[in-house]
Amino acid sequence: MDETRIAIRVDMDVVAARQSGRALAVELGFSNTDATLIATAISELARNIILYAKEGEIILSVLHKSEPCGIVVTARDKGPGISNLEQAMRLGYSTSGSLGMGLPGVSRLMDEFKIDSRPGNGTIVTVKKWKR
Amino acid sequence: MRKNSDHHTSTRSTVAHTPDQLLSELVAHLRQNRTQLREEWARRITEAQLLMAMSKEEIFAEATSVYDNYVEALETGTLEALQAYSRNLSERIIPRGVETHEVVGIVLLLRDVLARSLFAKYQGDFDKLNRILDAYEPAANRIAITVAVGFVQERERTIRDQQEAIRELSTPVLQVRERLLILPIIGLIDPHRARQLTEQLLRAIRTNRAKVVVIDITGVAAMDSNVANHLVLTVEASRLLGATVIVTGLSPEISQTLVNIGVDLSKMNTVGDLQGGIEEAERLLGYRVVSVRDVAAIQQP
Amino acid sequence: MQVPILKQGAYLIASIQSALSDADLMQLRDALVAKVSTFRSRGVIVDVTVLDVMDSFASRTLRDLVHMIQLRGATTVIVGIQPEVAFAMVQLGLTLEGVATALDLEEGLAYLDLKTIKKVSNPRDG
């Protein structure tokens, strides 16, 4: 069983999603710091789902075809989508922690970041972190 | 008659010469001639000036173990025991400076010594010699690769461990006084080291209950924007734990870099040199340094 | 999951006991602001030692809490942020600017003593 899906509808789901993510990271042998980075990224992604799409899901899976293994977090929603991705990746960053999209922040927490979104088609954010 | 005899032999040999049976015949041969072949191999190793870091006795002892493991791997077709042995052997000989070409060399020598003994034994029967070699070669190649790869992997692991140790050593977090830590950074900072440095410092702040940290970068020659930004993150993260960071020893070049790339210096408490930084830290902690003579003067009214 | 708020002299101490949902956090913010008024508290400590994630919402709520309490004339200090959590926070750009932080409860109390006594004994210092 390589995939865990967590439905995101209410704010408690955000906590549940990041806790599963941390548990999986620890189980895979990620350092405590990396597990915290992963959990924080999941928290932000899940929060974005609630804020912008009302509901969606977080999918956790493991990459272990070879050493080092990695963790993949996919955040998927059927919300309004993002019309200007470039802007979202720029505007979201805010040192004051205001309610931005936080996507650039998420990409800094993880090793790989991919976003696929079109207006009206929902958003899929895929992030990866490799075990060092 | 002659033809008949030939026919008779070959019928028998088809039965007796499945690859497995050939291998067990081979193994029996290697077991029988163990002493002589082992000595021959050890002699060839010395002659080729391999494993010079080891004494003759050591070479012979290792040769014996490798030989037995080798024969066993041929017999069982499983490489686990040999793999474990080669890892173990590598662990022992790597610290003594044995090089990869030596390990590959000795395994190839053994392959050669054994092949020659097979030539000698079966020189009267070319047909059988060929089939024996057909069975022997792939197995022997697999074994040679296993041992060589095991050695290389072990060496890479050793190098990684050493790099890790050097990194740890190169960023010592020192406690100078209660609640005061110093982190002198020397040398090149790459992103990996920068991150490790931060993690180490943050943990040290917590375990030492530090209130002030002096990061001295006198020994850092250059700093790119990534590392500079990381330094700012470290200062901010330390503050979140409740510690104040003082950065000392910014060279004019690095100061210029920081200004050019627009690093927000307002969040950084900087002092010219380490001594000044420690004095500032002591002031923040409420220490006042007084010379012993002055204290004596105060105490004797 | 409600966060217990302890009254200790002129201070209020809120020790978070487990992971909090957004609603819990907002509830804590409102309760603390209300209690500061009720008890005329001079200082507030929020102990976040057990939090293993501090995301943008949590940071923002804590910052709002600190500013609201400040408007009521009291000082707040956040204590116990874990090293890993701090590392993740700064990567996200969450630096809790303008918010006082301390290592643990003991340090937080020392900080409040320093801040609030100063205010009372020598107003010109502040």
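In this predicted model, chain B holds an open sheet of five strands, lined up in the order S1-S2-S3-S4-S5, and the pairing in it is mixed. Strand S1 (174-177) and strand S5 (269-271) of chain B sit at the edges with a single partner strand each, so one side of each has no neighbour in the sheet. Going across this sheet, neighbouring strands are turned by 30 degrees against each other on average, if direction is ignored.

What holds strands of a sheet side by side? In general, strands pair through backbone hydrogen bonds, and they can do it either parallel or antiparallel. In chain B, strand S3 (residues 212-219) and strand S4 (residues 244-248) run parallel and are joined by five bridges. To pick out one spot along this pair, Ile215(B) has Val247(B) in S4(B) as its bridge partner.

Helices pack on the chain B sheet too. Helix H9 (residues 225-241) of chain B touches S3 and S4, and its direction makes about 150 degrees with that of S4(B). Helix H11 (residues 274-285) of chain B also packs on the sheet, and it touches S1, strand S2 (180-186), S3, S4 and S5 of chain B. The direction of H11 makes about 175 degrees with that of S3(B).

Chain A has an open sheet as well, built from five strands in the order S1-S2-S3-S5-S4, with antiparallel pairing. Its edge strands are strand S1 (3-8) and strand S4 (112-117) of chain A, each of which pairs on one side only. From one strand to the next, the twist averages 15 degrees. Within this sheet, strand S2 (residues 56-63) and strand S3 (residues 70-77) of chain A pair in the antiparallel sense, over eight bridges. One position to look for is Val62(A), which stands opposite Ile71(A) in S3(A).

Next comes the place where chain A meets chain C. How many residues of chain A are in contact with chain C? The count is 27 residues of chain A, in contact with 23 residues of chain C. The size of an interface is often given as the accessible area lost when the parts come together. For chain A and chain C, the area buried between them is about 2,100 Å², with 54% of it on carbon and sulfur atoms.

Charged and polar pairs show up across this interface: there are four salt bridges, and eight residue pairs are in polar contact, both residues being at pLDDT 80 or more. The side chains of Arg22(A) and Asp52(C) meet in a salt bridge, at 2.9 Å from N to O. On the side of chain A that touches chain C, the elements giving two or more residues are helix H1 (11-27), helix H2 (32-53) and helix H4 (103-109) of chain A. H2(A) gives the most, with nine residues. By type, the residues on this side of chain A split into eight nonpolar, 13 polar and six charged.

Definitions and conventions. Residues are numbered from 1 along each chain as its sequence is written. Chains are lettered from A and ligands numbered from 1 in the order in which they are written. This is a predicted model: local features need pLDDT of at least 70, side-chain atom pairs count only at pLDDT 80 or more; totals for chains, interfaces and linings use all residues. Side-chain values use heavy atoms; hydrogens and water are left out. Two strands pair if DSSP finds at least two bridges between them. Helices (H or I, at least four residues) and strands (E, at least two) are DSSP runs, numbered from the N terminus. Axes are lines fitted to C-alpha atoms, for helices over the stretch in contact, and angles run from 0 to 180 degrees between N-to-C directions. Contact means heavy atoms within 4.5 Å. Buried area is the accessible area (1.4 Å probe) that two parts lose on being put together, summed over both. A polar contact is a pair of N or O atoms within 3.5 Å; within protein, one must be able to donate a hydrogen and the other to accept it, and residues adjacent in sequence count only if both atoms are side-chain atoms. Ala, Val, Leu, Ile, Met, Phe, Trp, Tyr, Cys and Pro count as nonpolar, Asp, Glu, Lys and Arg as charged, and the others, Gly among them, as polar.
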